[in-house]
Amino acid sequence: MEFDTYDFQFLTTGIPPGYRFEPTDIELLQDYLWKKVNGEPLPYNIISECEIYGNQGKEPWKIFIETSTQTFYVFTKLKKKGKGKNIDRVAGCGTWKGQRTDPIMYEKMKIGNRKLFVFGVKGSNEGVKGHWIMHEFSLVDEEDKQIGDYVLCSIRNKNAKADTEEEEPPMKKMRYNSEDHNPPEPTSSASPLQTLLSDWS
């Protein structure tokens, strides 16, 4: 039995076609990253873990769909350089280069950071497939120290064109609304999106 994109989306998530996953910064921190750090159940298990740093096969176009206009959301653990405090952001043939850091405030209190990164290839621009940008969200305590090992990243290719989106596989096109609730009971311990992302990493 075959299903089209909309049947597949509804059967696997219980969310009708047309809904989009467009969370605010506060929602990403409170409803997703905070729960991930504390080991609590996540809404729909929409955001899964994905290792985006490393020397082999970690270029963004090898993990995500180069032609997709959508934003991909993943949890990842930061890697430190040796015994120091600096973060190793090497990803395949390039590096995620920091551009700026903006505080995320809630009721006049800082609860996290949003850091902007751009992917750059070492040495030259040869082989670059798109203009990849990333926002990294992290939780902080009252002393402005990061809470937990995980961060939440939103990644997209700014050069992707909307007219190529129809060529994407159904699972990689889906977006969801973070305010929806009561998903269907899962048929297995891992969601289709979790399985997909585990294959990417």
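Arg 114 is partly exposed in the predicted model, its relative accessible area being 23%. Its side chain forms a salt bridge with that of Asp 102, at an N to O distance of 3.4 Å. The two residues belong to distant parts of the chain, twelve residues apart: Asp 102 is located in strand E4 (residues 94–106) and Arg 114 in strand E5 (residues 109–121). Asp 102 is likewise classed as partly exposed, with a relative accessibility of 22%; both values fall between the 20% and 50% limits that separate buried from exposed residues.

A further contact of this kind involves strand E5 through Lys 110, whose side chain meets that of Asp 144 in a salt bridge of 2.9 Å, N to O. Because Lys 110 lies in strand E5 and Asp 144 in the loop between strand E6 (132–139) and strand E7 (150–157), the pair ties together parts that are 34 residues apart in sequence. Relative accessible areas of 27% for Lys 110 and 44% for Asp 144 place these residues in the partly exposed class. Beyond isolated pairs, Asp 25, Arg 100, Asp 102 and Arg 114 are joined into one network by salt bridges that share partners.

Loop regions are also connected to each other. The side chains of Lys 79 and Glu 51 form a salt bridge with an N to O distance of 3.3 Å. Lys 79 is situated in the loop between strand E2 (72–77) and strand E3 (90–91), and Glu 51 in the loop between strand E1 (48–49) and helix H3 (60–63), so this pair links parts 28 residues apart in sequence. Lys 79 is partly exposed, at 33% relative accessible area, as is Glu 51, at 38%. The total count of salt bridges is nine. In general, side chains of opposite charge can pair when their charged atoms come close.

The strands named above are organised in an open sheet of seven strands with mixed pairing, in the order E1-E2-E7-E6-E5-E4-E3. Strands E1 and E3 form the edges, each pairing on one side only. Strands E2 and E7 run antiparallel and are joined by six bridges; Tyr 73, for instance, has Ser 154 in E7 as its bridge partner. Helix H2 (residues 25–37) packs on the sheet, where it touches E1, E2, E4, E5, E6 and E7. The direction of helix H2 makes an angle of about 65° with that of E6.

Technical notes
Residues numbered from 1 in each chain as written. Predicted model: local features only at pLDDT ≥ 70, side-chain atom pairs only at ≥ 80, totals over all residues. Heavy atoms only, no water. Salt bridge = Lys/Arg side-chain N within 4 Å of Asp/Glu carboxyl O. Helix = DSSP H or I, 4+ residues; strand = E, 2+ residues; numbered from the N terminus. Buried < 20%, exposed > 50% of the residue type's maximum accessible area, 1.4 Å probe, protein only. Pairing = 2+ DSSP bridges. Contact = heavy atoms within 4.5 Å. Axes fitted to C-alpha atoms, helices over the stretch in contact; angles between N-to-C directions.
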